[in-house]
Amino acid sequence: MEDKVYLAHVKEQQQQSVAEHVYGVASLCKLFASEFSDGEYARCVGLFHDLGKYSQEFQKRLLGGPKVDHSLAGALEFANNNKLEGAMCIAGHHGGLPDLGARGVVQGPSLLARIGRFRQDQACIPSVDSVWRKELNAEISSLSDNIDKKSCADYTLSRSFWCHWLYSCLVDADYLDTEAFMDGHIYAPNVGNFDDLVSKLNAYISPWFPPKGPLNEKRCAVLRECIDRGETAERGLYTLTVPTGGGKTIASLAFALHHARARGLKRVIYVIPYTSIIEQNAAVFRKILGDDVILEHHSNYSYENDKRIPVDYDDEARADNMRFVKATENWNMPVVITTAVQFFESLFANKPSKCRKVHNIANSVIIFDEAQMLPLPFLKPCVFAIAELVSHYNATAVLCTATQPALNKLFQDYLPGRVIEEICSAELFADKVFKRVKYRRQGKTNWNDLAEQLVAHDQVLCIVNSRKNAHELFETLREQSAVDGNFHLSTLMCPQHRQQILQFVRQRLSAGQTCRVVSTSLIEAGVDVDFPAVYREFAGLDSILQAAGRCNRENKRSSGESVVTLFEAETPLPSLFAQPAAAARSALHYLSSLQDIDSQETIKAYFTELLDIKGDNALDASGILDLLKKLSHAQAASVFHIIESQNTVFIPYDEKGRELTERWLRGERSRCLLRKLSRYGVSVYDNHYQMLSEAGVLQEGSCDAASEAHENCAVLCDMQMYSELSGLDLQADSGQALFI
């Protein structure tokens with residue numbers, strides 16, 4: 001008598017057996033986990049993940065019967081063999097990687113009780129047919145991870161992190177094999193042809209040699225060092241410290257491409273703090289490498305909305321677009337450009353959709369651009385994650401910035417015995433050609449006096465510490481100067497609006513027209529503008545130096561003609577800036593000259609002082625690492641949010657914005673729509689949102705919990721509350737909130 005064929009999936013007249021599915025998943029799991037030497041463990045997890053489908057209950061479910069928890073049977077097999085992480089991955093492969101409960105017996109049903117998926121008073125594990133023993137060929141008892149205990153600062157912590165990677169392999173493999181059956185999309189690894197990419201880079205930079213002028217000479221020297229080190233460096237942890245205007249974007253790309261080729265790495269991942277920098281860098285990278293190899297993955301970008309795709313979507317364009325859409329799910333592309341939020345929250349997430357991409361981070365070159373902006377409340381978990389990537393997942397990590405944070409001590413805690421190497425020579429940084437500005441300090445200044453100083457300049461940038469300050473100073477400036485050319489930038493303007501303003505600003509700067517800009521710190525990091533004079537409200541040293549990077553950026557004027565003025569507002573510093581400002585004052589106190597503000601010694605002193613002021617506990621404010629040690633994956637994911645949840649007001653700013661907001665108001669809640677709408681969103685705190693709601697200018701609705709936007713959302717239905725000059729109106733705020 002033949003054994004019954006148990007089915008995993010059915011589609012119209014087609015069927016996929018459980019054996020076909022689990023062996024397909026197991027094969028992919030092994031392929032993914034082999035990147036960090038745990039292929040056999042992952043293969044077994046893949047084989048057992050759907051063990052519960054070998055049951056009559058699940059077969060009835062395929063015919064429309066009641067839901068069946070088909071994951072617990074396989075989890076129980078791993079639990080009976082005391083394989084904790086495998087059991088947790090299987091138990092949560094649909095609902096999310098769970099927490100481990102109270103300590104106690106760690107085998108069998110007691111283990112499942114601890115992970116919150118089993119109740120002994122209910123028969124929730126379906127009775128599986130013994131046919132699985134003939135069809136599944138795996139030995140669980142002998143499995144072990146391949147984490148080298150000697151390389152671990154904390155083996156328990158490293159194993160918990162490894163559990164995320166095992167989970168990523170399983171959930172991505174499960175999605176891909178199911179998709180192959182349902183839709184015919186067969187998975188194919190998409191790793192970089194780095195010989196070809198290096199050739200494209202060489203063609204792009206070849207006109208730069210021989211360099212013309214002192215600044216370009218130094219930029220080319222930085223580029224050459226990055227190319228040489230990329231070819232010779234071993235996998236590991238590096239810093240790339242390049243002065244503002246030193247060409248670090250192309251230089252870091254050159255290191256990454258050459259290093260990936262030399263060491264056989266799979267992809268290059270750029271981790272960038274701001275979407276504005278991502279969009280700028282992605283445009284440069286596409287120009288160099290072409291469109292086909294670059295995945296831009298962040299909230300402001302949707303491939304369905306890509307202007308390169310024609311409106312009528314011919315078959316080739318549709319297929320190409322779908323390739324990118326699917327790549328956002330698991331980062332199966334040679335070059336990935338993403339945000340720090342997306343990158344780190346994925347590493348500490350517990351839901352399948354967010355974890356799928358994690359395994360593809362292994363064997364990559366990871367460039368952390370503007371590394372000084374690693375979030376301080378999550379600094380220890382982020383440093384730990386980078387250390388794990390280097391020590392156990394065959395990655396090379398590069399901390400890239402002009403103001404290198406003092407992280408050596410923290411990295412020693414998680415990478416004992418490993419040295420952080422600098423890619424560029426210190427002499428390059430110290431060269432006088434990079435001293436493009438002169439610093440000047442003045443005391444407290446009111447808005448009237450400051451506006452008078454700004455009016456004295458035809459072209460000037462002034463950066464303040466809060467949205468409220470930016471609005472008040474801009475209004476004062478407008479009162480004193482009625483001419484065209486005064487601009488305001490803050491996050492009270494939707495991204496689409498800000499992008500248009502920046503285009504106007506660059507055009508006027510290039511044409512030599514009047515251009516005075518009042519902005520929050522959003523303009524500091526990576527925004528390519530060049531002003532002859534900059535004013536900066538006192539803040540952290542990294543913010544001050546980033547602001548200075550917008551002054552005389554192309555070295556077209558002497559440093560004496562390019563002044564960066566540091567001032568203090570009469571209003572108290574926002575809490576976000578108070579401690580960095582205190583650390584900056586401490587670092588500057590011992591300088592014999594303010595012109596040494598950008599020395600590496602001063603920068604190191606500043607970051608060391610800042611970390612001391614913050615204190616050790618503040619660097620893991622949510623206790624993420626303690627939660628991971630307890631295998632509390634769901635709890636850790638619930639509190640690891642680099643950006644605090646706020647309310648979003650969608651602005652029907654232009655024709656496209658009106659069309660998108662109308663779709664949202666009609667009830668559409670697709671991820672695609674939310675991604676497109678993010679270009680028209682303004683984040684506000686609760687009391688400002690409440691004020692707008694009570695004024696009757698918001699049309700509210702609830703976001704789909706499955707979408708990427710979990711905050712409260714509404715559409716601004718009275719555009720009188722939104723100014724072309726300054727964005728969402730703050731006048732009704734009454735000073736109740738601080739908008740940063």
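Begin by colouring the whole chain by confidence: this is a predicted model, in which the mean pLDDT of the protein is 88 and 90% of its residues reach 70 or more.

Next, select residues 307–312, where pLDDT stays under 50 and for which the model has seven contacts beyond four places in sequence. Then move on to residues 732–740, a stretch whose pLDDT is also below 50, and which has 24 contacts in the model beyond near neighbours in sequence. Where pLDDT is low, the predicted coordinates should not be read in detail.

Now select two helices, α9 (residues 194–205) and α11 (residues 248–263), whose axes come within 9 Å and cross at roughly 150°. Because an angle over 145 degrees counts as roughly antiparallel, α9 and α11 are described as roughly antiparallel to each other, and their crossing is left-handed. To see what lies between them, show the side chains of F194, D195, L197, V198, L201, N202 and I205 on α9, together with I250, L253, A254, L257, H258, A260 and R261 on α11, since these residues make the contact. By kind, the residues of this contact divide into 10 nonpolar, two polar and two charged.

Finally, turn to the aromatic rings, of which the structure holds 26 pairs. For one of these, select F36 and W165, whose ring centres are 5.6 Å apart and whose planes stand at 80°, so the pair is edge-to-face. Following the chain from one ring to the other, you will find F36 in the loop between α1 (18–33) and α2 (39–48) and W165 in helix α8 (residues 155–183), so that the pair links distant parts of the chain, 129 residues apart.

Definitions and conventions: Residues are numbered from 1 along each chain as its sequence is written. Side-chain values use heavy atoms; hydrogens and water are left out. Axes are lines fitted to C-alpha atoms, for helices over the stretch in contact, and angles run from 0 to 180 degrees between N-to-C directions. Helices (H or I, at least four residues) and strands (E, at least two) are DSSP runs, numbered from the N terminus. Angles under 35 degrees count as roughly parallel, over 145 as roughly antiparallel, 65 to 115 as roughly perpendicular and the rest as oblique. A crossing is left-handed if the near helix is turned anticlockwise from the far one by less than a right angle, and right-handed if clockwise. Contact means heavy atoms within 4.5 Å. Ala, Val, Leu, Ile, Met, Phe, Trp, Tyr, Cys and Pro count as nonpolar, Asp, Glu, Lys and Arg as charged, and the others, Gly among them, as polar. pLDDT is the predictor's confidence in each residue, from 0 to 100. Rings of Phe, Tyr and Trp (its six-membered ring) pair if their centres lie within 6.5 Å; planes under 30 degrees apart count as stacked, over 60 as edge-to-face and the rest as tilted.
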